[in-house]
Amino acid sequence: MRRDFLAANAGKRAPMPGFVLLARDRADGVADMRIGYTVTKKIGNAVIRNRMKRRLRALARDVLPTAGLPGCDHVLIGRAGGIDRDFAQLRADLVKALGKLAP
């Protein structure tokens with residue numbers, strides 16, 4: 001929901017070359033992690049935006065189960081550099097970003 005994205009925007013942020021990670025603790029006592037994705041029209045046409053969202057989803061599936069922040073909402077905002085960036089480098093960037101945001 002839009003209000004969840006807006007609430008996450010008020011949380012912590014970690015900018016990386018291919019994306020920006022937003023994380024906000026829900027403080028509801030539930031350890032579930034939630035993830036959202038945003039890619040704006042500034043990135044490119046629909047084909048490029050969808051490709052970026054697929055990359056972000058694969059990245060989240062790969063990294064968040066082990067390195068994600070429990071009880072937090074995570075939002076990945078795609079940047080133009082994320083399309084051309086190597087997937088292994090994106091993965092390393094996400095792990096680094098989660099490390100910055102960890103309490």
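Ala, Val, Leu, Ile, Met, Phe, Trp, Tyr, Cys and Pro count as nonpolar here, Asp, Glu, Lys and Arg as charged, and the others, Gly among them, as polar. With that in hand, let's look at the largest pocket of this predicted model. Its lining residues split into five nonpolar, three polar and one charged.

**The pocket**

The largest pocket has a volume of about 190 Å³. Around it sit Arg2, Phe5, Leu6, Asn9, Leu22, Thr38, Thr40, Val75 and Ile77. Helix 1 (2–9) and strand 4 each bring at least two residues to this lining. Which element gives the largest share of the lining? That's helix 1, with four residues.

**The core**

Now for the nonpolar side of things. In soluble globular proteins, nonpolar side chains tend to be buried together. Here the largest nonpolar core has 22 residues, and Phe19, Leu21, Leu76, Leu94 and Leu98 are the ones touching the most other members. Strand 2 (19–25), helix 2 (46–67), strand 4 and helix 4 (87–101) each chip in at least two residues of this core. Helix 2 supplies the largest share, six residues.

Take Leu21 as a way in. Setting aside residues up to four places away in sequence, Leu21 touches Lys12, Arg13, Ala14, His74, Val75, Leu76, Leu94, Ala97, Leu98 and Leu101. Val75 turns up again in the lining of the largest pocket.

**Two residues to compare**

Next come Asp73 and Ala27. Are they buried or exposed?

| Residue | Where it lies | Relative accessibility |
|---|---|---|
| Asp73 | strand 4 (residues 72–78) | 5%, buried |
| Ala27 | loop between strand 2 and strand 3 (34–38) | 67%, exposed |

Asp73 counts as buried because its relative accessibility of 5% falls under the 20% cut-off. What does the side chain of Asp73 make a polar contact with? Its partner is the side chain of Arg34, at 2.8 Å. If you skip neighbours within four places in sequence, Asp73 is in contact with Leu22, Ala23, Arg24, Arg26 and Arg34. Leu22 is also one of the residues lining the largest pocket.

Ala27 goes the other way: it is exposed because its relative accessible area, 67%, is over 50%. There's something else to check in its backbone. Most residues other than glycine have a negative phi. Ala27, though, has a phi near 55°, a positive value in a residue that isn't glycine.

Notes:
Residues numbered from 1 in each chain as written. Predicted model: local features only at pLDDT ≥ 70, side-chain atom pairs only at ≥ 80, totals over all residues. Heavy atoms only, no water. Buried < 20%, exposed > 50% of the residue type's maximum accessible area, 1.4 Å probe, protein only. Polar contact = N/O pair within 3.5 Å; in protein donor to acceptor, adjacent residues only side chain to side chain. Contact = heavy atoms within 4.5 Å. Core = buried A, V, L, I, M, F, W, Y, C linked by side-chain atoms within 4.5 Å. 1 Å grid on protein atoms, 1.4 Å probe; cavity = no way out; pocket = protein on both sides within 12 Å on 5 of 7 lines; lining within 4 Å. Points joined across faces, edges and corners; volume = space filled by probe spheres on them.
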